[in-house]
Amino acid sequence: MTALPPLREVIATHGLAARKSLGQHFLLDLNLTRRIARTAGDLASGTTVEIGPGPGGLTRGLLLEDAARVVAVEKDPRCRAALSEVAAAAPGRLELLEADALQVDLTALGPGPRRVVANLPYNVGTPLLIAWLARIAEDPTVLESITVMLQQEVAQRLVAVPRTKQYGRLSILTQWLCETRLQFDLPPRAFVPPPKVVSSVVRLIPRAQPLAPAPLPALERVTQAAFGQRRKMLRQSLKSLGDAQALLRETGLPETARAEELTVEDFCALARAL
Ligand code: SAM
């Protein structure tokens with residue numbers, strides 16, 4: 001692994017000029033990628049799924065931090081040759097899958113414990129997270145953890161508490177299913193090319209059971225209605241669901257409360273009532 005050429009050279013040799021449409025912002029400092037890999041915990045068993053390996057900086061970091069088996073899902077075929085060199089340097093430990101991560105079934109990628117570690121393409125980061133959370137709602141053992149780099153603004157929404165402007169639908173869905181930890185931030189200059197915003201690594205650990213019982217489709221409907229009009233009182237914002245006042249009576253929540261004042265458990269109560 002240490003005999004591989006520097007990443008800047010790999011990018012030049014294989015013509016991997018960053019494409020905006022694929023959210024390509026590469027990490028070239030192996031100290032940094034190894035730090036992300038260490039944040040993901042013990043990689044020595046099961047399957048580590050990396051989304052968007054690009055030229056392979058984080059992939060190298062994962063392998064250097066003793067990942068037993070990495071499955072790297074990359075949409076850009078230009079990265080194939082560079083990644084094959086990494087695979088050759090770690091025989092039997094890296095499998096490459098050329099695919100759109102949005103179309104991939106995580107369980108098909110290898111035996112558990114399974115974890116995702118990625119510097120996510122920002123344009124599909126949120127849809128990917130929502131898809132993984134939907135899988136976790138069906139089966140919390142599908143992933144042991146998710147450790148991902150995201151725009152700081154999205155990372156803050158995942159961990160946000162009530163009565164903050166970041167608190168919203170994504171906070172509730174995530175915290176309902178997972179424990180969340182903001183790990184560290186990276187400035188734009190850590191990436192090539194630099195993105196416009198600060199990035200953050202966040203770690204999600206699926207709970208053995210959701211924070212409170214609730215059917216996912218109903219939870220999605222109540223959070224959508226409530227946060228769709230987040231400044232309005234619930235007696236108004238929940239009208240699109242039917243008899244808002246009856247719903248609120250059943251849950252014992254004040255009619256004058258606003259979406260951002262409710263806890264995850266309050267939303268679960270509303271979802272059950274619905
Ligand atoms: N892991 C590399 C690093 O840290 O330097 C690259 C990270 S870059 C932010 C995101 C990567 O995701 C790019 O390599 C891009 O081609 C890839 N990508 C973008 N959309 C994808 C998708 N839908 N499925 C799989 N990979 C995707």
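Two strands pair if DSSP finds at least two bridges between them. With that in mind, this predicted model can be read from its sheet outward: strand E2 (residues 47-51) and strand E5 (residues 114-119) pair in the parallel sense over three bridges, and Thr48 has Arg115 in E5 as its bridge partner. The domain assignment gives domain 1 (7-206) and domain 2 (216-273), and the largest nonpolar core takes residues from both.

**The sheet**

- Seven strands make up an open sheet with mixed pairing, and their order is E4-E3-E2-E5-E6-E9-E7.
- Strand E4 (94-98) and strand E7 (178-186) stand at the edges, and because each has a single partner strand, one side of each is left without a neighbour in the sheet.
- From one strand to the next, the twist averages 20°.
- Besides the bridge between Thr48 and Arg115, the pairing of E2 with E5 places Thr47 opposite Arg114 in E5.
- E5 also pairs with E6 in the parallel sense, over five bridges, and here Ala118 stands opposite Val148 in E6.

**How covered is strand E5?**

- Six of the six residues of E5 are buried, so the strand is mostly covered.
- Both faces of E5 are covered, with Arg114, Val116 and Ala118 buried on one side and Arg115, Val117 and Asn119 buried on the other.
- Arg115 counts as buried because its relative accessibility is 0%, where buried means under 20%.

**Helices beside the sheet**

- Helix H4 (residues 80-89) lies across strand E3 (70-74) and E4, and runs at about 165° to E4.
- Helix H6 (residues 152-159) packs on the sheet, where it touches strand E6 (145-151), E7 and strand E9 (199-206), and its direction makes about 135° with that of E6.
- Helix H3 is mostly covered, since seven of its eight residues are buried, namely Gly57, Leu58, Thr59, Arg60, Gly61, Leu62 and Leu63.
- H3 is followed by Asp66, whose phi is positive, near 70°.

**Salt bridges**

- Side chains of opposite charge can pair when their charged atoms come close, and in this model the count comes to 11 salt bridges.
- Arg38 and Glu65 meet through their side chains in a salt bridge of 3.2 Å, N to O; because Arg38 lies in helix H2 (residues 30-39) and Glu65 in the loop between helix H3 (57-64) and E3, the pair ties together parts that are 27 residues apart in sequence.
- Arg38 counts as partly exposed, at 48% relative accessibility, and together with Arg34 and Glu65 it belongs to a network of salt bridges.
- Glu144 and Arg115 form a salt bridge at 2.7 Å, N to O, which links distant parts of the chain, since Glu144 is in the loop between helix H5 (125-138) and E6 while Arg115 is in strand E5, 29 residues apart.
- The two partners of this pair sit in unlike surroundings, for Glu144 is partly exposed at 34% relative accessibility, whereas Arg115 is buried at 0%.
- Glu138 forms a salt bridge with Arg135, with the closest N and O atoms 2.7 Å apart; because these residues are three apart in helix H5, about one helical turn separates them.
- Glu138 is exposed, with a relative accessible area of 60%, and Arg135 is partly exposed, at 24% relative accessibility.

**Nonpolar cores and the two domains**

- In soluble globular proteins, nonpolar side chains tend to be buried together.
- The largest nonpolar core of this model has 57 residues, of which Ile51, Trp132 and Phe267 touch the most other members.
- Helix H8 (residues 216-228) gives the most to this core, with seven residues, and because domain 1 (7-206) and domain 2 (216-273) both give residues to the core, it lies between them.
- Leaving aside its neighbours within four places in sequence, Ile51 is in contact with residues that include Val73, Ala101, Val116, Val117, Ala118, Leu128 and Trp132.
- A second, separate core of 25 residues has Leu4, Ile36, Ala90 and Met149 among its members.
- The centres of domain 1 and domain 2, taken over C-alpha atoms, are separated by 33 Å, and the contact between these domains takes 13 residues from domain 1 and 15 residues from domain 2.

Key:
Residues numbered from 1 in each chain as written. Predicted model: local features only at pLDDT ≥ 70, side-chain atom pairs only at ≥ 80, totals over all residues. Heavy atoms only, no water. Helix = DSSP H or I, 4+ residues; strand = E, 2+ residues; numbered from the N terminus. Axes fitted to C-alpha atoms, helices over the stretch in contact; angles between N-to-C directions. Contact = heavy atoms within 4.5 Å. Salt bridge = Lys/Arg side-chain N within 4 Å of Asp/Glu carboxyl O. Buried < 20%, exposed > 50% of the residue type's maximum accessible area, 1.4 Å probe, protein only. Core = buried A, V, L, I, M, F, W, Y, C linked by side-chain atoms within 4.5 Å. Domains from an automatic or database assignment.
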